[in-house]
Amino acid sequence: MMADRKHPLSQLLRDQPNKWQTSFEWREMMAGHFALRGACYSEIVSTGGRAIDQLVPLHPDRVRPFPAPNGQIAFEYMPKNGPSRIILQSEMHFQLLMAGDGFTPLSPIACAREAIGLALAAEEHGARLFSNGTRLSGILKMTGSIKDDERRKKLLKGFSEAYSGNQNAHKTALLEDGMEWQSLGMTSEDAQLLESRKFQIAEIARTFGVPLHKLAELDRSTNNNIEHQGIEFVQDTILPGSVRWAQAMQRDLFFGESRRTHCARFDLDGLMRGDSTQRAALYANGRQWGWLSADDVRRREGLNPIKGGDVYLTPSNMTGAGTALTINNGVANDKNT
């Protein structure tokens with residue numbers, strides 16, 4: 001399979017899908033919409049014929065898909081300013097996540113709302129906990145009693161102003177008249193705040209199929225398994241998403257003969273590459289057994305082809321008995337001797 005840089009969609013998808021976004025920015029926006037809303041839409045702006053001039057992203061909150069009379073999908077788009085309008089399926093590039101009725105996408109955020117809410121509550125609790133600085137939530141004990149209410153109020157107010165809040169964190173409290181401080185609140189260790197926050201990271205990550213080491217949570221990652229975890233992330237998360245997107249592009253952007261001769265494809269080889277030693281071993285094996293040429297190797301490493309680099313070698317012990325190996329036009333052939 002070779003890239004066709006002359007195809008009209010090549011520049012559109014690889015470089016600039018519309019007049020203000022780069023290809024990366026467009027794909028980033030579409031991926032963000034899909035991850036958070038379970039749907040992403042780009043209106044297809046044609047050149048006046050079958051060719052595509054632009055792909056204009058639309059926010060999924062303003063798009064409502066519904067069944068059309070011809071058995072396809074149509075979309076009602078409700079812009080911020082101006083009346084709503086109908087966009088036909090042939091005028092829209094779209095992806096829908098697990099639409100149970102074929103039209104209404106499943107929102108990952110809605111599915112994970114309890115986990116996300118718990119994470120926000122833990123974060124808010126942690127912020128309040130540490131904003132108190134010295135964590136002086138307790139009682140002052142002393143022998144005897146303070147019968148003067150005004151004196152008691154001034155004592156508590158002065159103690160609170162002197163030793164609570166961020167600006168007073170780690171100060172030393174000075175107690176008089178045999179007073180003793182006794183804490184009543186739980187510490188962050190008692191409440192297992194940090195452990196709860198780590199668990200919520202894992203809960204939300206599961207929703208999107210993201211391994212913890214990609215979120216800088218490395219408690220269970222080692223030098224021995226981190227590479228395999230990265231490969232699993234490509235295979236289990238990125239690859240299904242790229243297949244989904246490539247098939248949506250095939251459905252929405254290719255027409256006529258081009259649909260049979262061309263396809264959209266995401267090259268994931270760069271994500272699957274090992275270290276330099278592993279790549280060298282792979283390339284040596286491919287060159288030795290004839291399934292890689294010098295130019296194949298150079299392309300994978302981001303290098304330009306060289307003269308004669310498209311020759312595929314054949315090991316001498318793999319030729320048939322009584323034959324000799326010749327090279328014709330860069331192709332290895334067996335010739336009877």
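This report describes the helices, two of the sheets and the buried positions of one protein chain.

The structure is a predicted model, in which local features need pLDDT of at least 70 and side-chain atom pairs count only at pLDDT 80 or more, while totals for chains, interfaces and linings use all residues. Residues are numbered from 1 along each chain as its sequence is written, and side-chain values use heavy atoms, with hydrogens and water left out.

**Overview**

The protein chain has 11 helices and 10 strands. Helices (H or I, at least four residues) and strands (E, at least two) are DSSP runs, numbered from the N terminus. Of the 337 residues in the chain, 28% are buried; buried means under 20% relative accessible area, exposed over 50%, and partly exposed in between, with a 1.4 Å probe and protein chains only. Contact means heavy atoms within 4.5 Å. Among the contacts in the protein chain with a separation of 6 or more, 49% come from residues 24 or more positions apart.

**Two open sheets**

Two strands pair if DSSP finds at least two bridges between them. One open sheet consists of three strands in the order E2-E1-E6, with antiparallel pairing. Its edge strands, E2 (52–58) and E6 (92–96), each pair on one side only. Another open sheet of three strands has the order E3-E4-E5, and its pairing is antiparallel. Here strand E3 (63–67) and strand E5 (85–88) stand at the edges with a single partner strand each, so one side of each has no neighbour in the sheet.

The table sets out the average turn between neighbouring strands, direction ignored. Axes are lines fitted to C-alpha atoms, for helices over the stretch in contact, and angles run from 0 to 180 degrees between N-to-C directions.

| Sheet | Average turn between neighbouring strands |
|---|---|
| E2-E1-E6 | 20° |
| E3-E4-E5 | 30° |

Within the sheet E2-E1-E6, five bridges join strand E1 (residues 39–46) to E6. Glu43 has Met92 in E6 as its bridge partner. Within the sheet E3-E4-E5, four bridges join strand E4 (residues 73–77) to E5, and Ala74 has Leu88 in E5 as its bridge partner.

**Helices on the sheet E2-E1-E6**

Helix H2 (residues 23–37) packs on this sheet and touches E1, E2 and E6, its direction making about 140° with that of E1. Helix H7 (residues 226–253) lies across E1, E2 and E6, and runs at about 150° to E6.

H2 has 15 residues and reaches 21 Å from its first C-alpha to its last, close to the 21 Å expected at 1.5 Å a residue; the expected span is 1.5 Å times one less than the number of residues. Its buried residues include Ser23, Trp26, Met30, His33 and Phe34. They lie on the same side of H2, because they cover an arc of only 105° around the axis, the arc being that of the directions from the helix axis to the C-beta atoms. An α-helix has 3.6 residues a turn, so residues three or four places apart point the same way. What covers the buried residues of H2 includes helix H1 (8–14), E1, E2, E6, helix H3 (108–111) and H7. On the face turned away from the buried side, H2 carries the exposed residues Phe24 and Glu28. Just after H2, Gly38 takes a positive phi of about 75°.

**Cysteines**

A search of the whole structure finds zero disulfides, a disulfide being a pair of cysteine sulfur atoms within 2.5 Å. Cys40 counts as buried because its relative accessibility is 0%, whereas Cys263, at 42%, counts as partly exposed.
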